Amino acid sequence: PVEVSSTALMMNGRSIHVLISRDVSERKKAERELRDLTQALERRVSERTAALSASETKFRALFEGSSQGVVLHDEKELLEVNPAAVRIMGRQYNHELIGKHPWDMAPSFQPNGESSQAMAGRHISECMAKGSARFEWVASNPAGKHIFLEVALTRIEWSGRQVIQAFITDITERRQAQAALAESEARFSAAFHASPALIT
């Protein structure tokens, strides 16, 4: 391949053309290689985008369809909640939870006497530092009724940043059964010790 430039001149009263030819084989080869490389990169980006889109679709289906409460949040607020988490927290819509902090939906103090804000901050910091944390937590529904939760936090990468994925399980019935059993045992023990009859 050659590149030709033509210039019209007047010489000795005659119109002539000066032609300059240049071999552009190397440039054409470089352009071809660049075009091939660009197409390969575009194909790779397209394949990667398709794979990410499929992965995102799969994640969204698992997230939305899980029967367990799943919450994504950073150190400041809830970012995403699935329908199970909305139900567990006694709400109707996810926008009632998104943008709030876990301690916004909890009594001021947890059963161990620690403030909800301090306890939430401690477990979030632990998860961000170590990668995970597990604990029991008391939340509140809009009417103020306590919801006893088992919470498992995991640090994950989501949309290019580090966030926390929380799995929440409602253990209210289990806690109520444990409390009823403890009360029953206490009553039996009191009756046993107060009885005038010899019991062994």
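1. Gly131 comes directly after helix α3 (116-130), and its phi is positive, near 100°. Helices here are DSSP runs of H or I with at least four residues, and strands are E runs of at least two, both numbered from the N terminus.

2. The model is predicted: local features need pLDDT of at least 70, side-chain atom pairs count only at pLDDT 80 or more, and totals for chains, interfaces and linings use all residues. Residues are numbered from 1 along each chain as its sequence is written, and side-chain values use heavy atoms, without hydrogens and water.

3. In α3, the buried residues (under 20% relative accessible area, 1.4 Å probe, protein chains only) are Ser116, Met119, Ala120, His123, Ile124 and Cys127. They lie on the same side of α3 because they cover an arc of only 125° around the axis, taken from the directions from the helix axis to the C-beta atoms. On the other side of α3, Ala129 and Lys130 are exposed, meaning over 50%.

4. What covers the buried residues of α3? The cover includes β3 (69-73), β5, β6 and β7.

5. The largest nonpolar core (buried Ala, Val, Leu, Ile, Met, Phe, Trp, Tyr and Cys joined through side-chain atoms within 4.5 Å) has 25 residues, and Trp137, Leu149, Val151 and Leu153 touch the most other members. Among the elements that each supply at least two residues of this core are α3, β5 (132-140) and β6 (146-158).

6. Beyond its neighbours within four places in sequence, Trp137 is in contact (heavy atoms within 4.5 Å) with residues including Trp103, Ser116, Met119, Ala120 and Leu149.
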